[in-house]
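Me: Could you take a close look at one part of this model for me, the place where two of its helices pack together, and tell me what sits around it? I'd like one connected walk-through rather than a list.

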Amino acid sequence: MKTNGLLKGYVWGSASLLLVTLAQLLMKWGMVKIPPLSLSDIQISWFLNHLTALIAVGLGITGYVLSMVCWYFTLRVLPLHRAYTLLSLSYALVYLAAVTLPWFNEDVHLLKTCGGVLVLFGVWLIHSKPSQQAH
């Protein structure tokens, strides 16, 4: 596989990773801000009162869609065993963002931190040797 094509695959994969991570964070933030909804609540005023949260959820969904577009281009170039592990990085990134960004108000836990480190180590193991198989 050409280095240029491999690089493009990692660029597309990284874009997919960042978009899916951002989408997850936007969805979480927006959903926490939206109260439980019943049919009697469906009025224009309810939507206007929760517009920012609804926009965040909509942007999160858009992020997922754009991530899938990037994923399409990633899979055209990278072998699946390498491409798929890139998405695993999202678990570690979402956890890191959730514990560092104050509006998520999540606590750091040793076990979860160890899990994130293990994910990073696993991705490193898979990507540390050149692939011997065609995609």
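Reply: One cut-off first: a residue is buried when its relative accessible area is under 20%, exposed when it is over 50%, and partly exposed in between. Keep in mind too that this is a predicted model.

Now to the packing. Two packed helices are described by the angle between their axes and the distance between the axes. Here the pair is H1, residues 3-33, and H4, residues 80-100; their axes come within 9 Å and cross at roughly 35°. As for hand, H1 and H4 make a right-handed crossing.

Who does the touching? On the H1 side you'll find Tyr10, Gly13, Ser16, Leu17, Val20, Thr21, Gln24 and Leu25, and they meet Arg82, Leu86, Leu87, Leu89, Ser90, Leu93, Val94 and Ala97 from H4. Sorted by character, the residues of this contact come out as 10 nonpolar, 5 polar and 1 charged.

Leu17 is a good one to zoom in on. Setting aside neighbours within four places in sequence, Leu17 is in contact with Leu86, Leu87, Leu89, Ser90 and Leu93. Leu17 also belongs to the largest nonpolar core, a set of 7 residues that it forms with Trp71, Leu78, Ala83, Leu86, Leu89 and Val123. The biggest contributor to that core is H4, with 3 residues. There's a second, separate core as well, with 5 residues, among them Met27, Trp46, Ala53 and Val57.

Back on H1, have a look at Ala15, which lies in that helix. Ala15 counts as partly exposed because its relative accessibility is 26%, a value between the 20% and 50% cut-offs. Its C-alpha atom is 8.4 Å from that of Trp71, although the two are 56 residues apart along the chain.

For contrast, try Thr52, in helix H3 (residues 51-77). Its relative accessibility is 56%, so Thr52 counts as exposed. Between the C-alpha atoms of Thr52 and Asn105 the separation is 19 Å, with their positions 53 residues apart along the chain.

Last stop, the cysteines. Cys70 has a relative accessible area of 8%, so it is buried. Cys114 comes in at 38%, so it is partly exposed. With a disulfide taken as a pair of cysteine sulfur atoms within 2.5 Å, the count is 0 disulfides.

Notes: Residues numbered from 1 in each chain as written. Predicted model: local features only at pLDDT ≥ 70, side-chain atom pairs only at ≥ 80, totals over all residues. Heavy atoms only, no water. Axes fitted to C-alpha atoms, helices over the stretch in contact; angles between N-to-C directions. Helix = DSSP H or I, 4+ residues; strand = E, 2+ residues; numbered from the N terminus. Left-handed = near helix turned anticlockwise from the far one by under 90°. Contact = heavy atoms within 4.5 Å. Nonpolar A, V, L, I, M, F, W, Y, C, P; charged D, E, K, R; others polar. Buried < 20%, exposed > 50% of the residue type's maximum accessible area, 1.4 Å probe, protein only. Core = buried A, V, L, I, M, F, W, Y, C linked by side-chain atoms within 4.5 Å.
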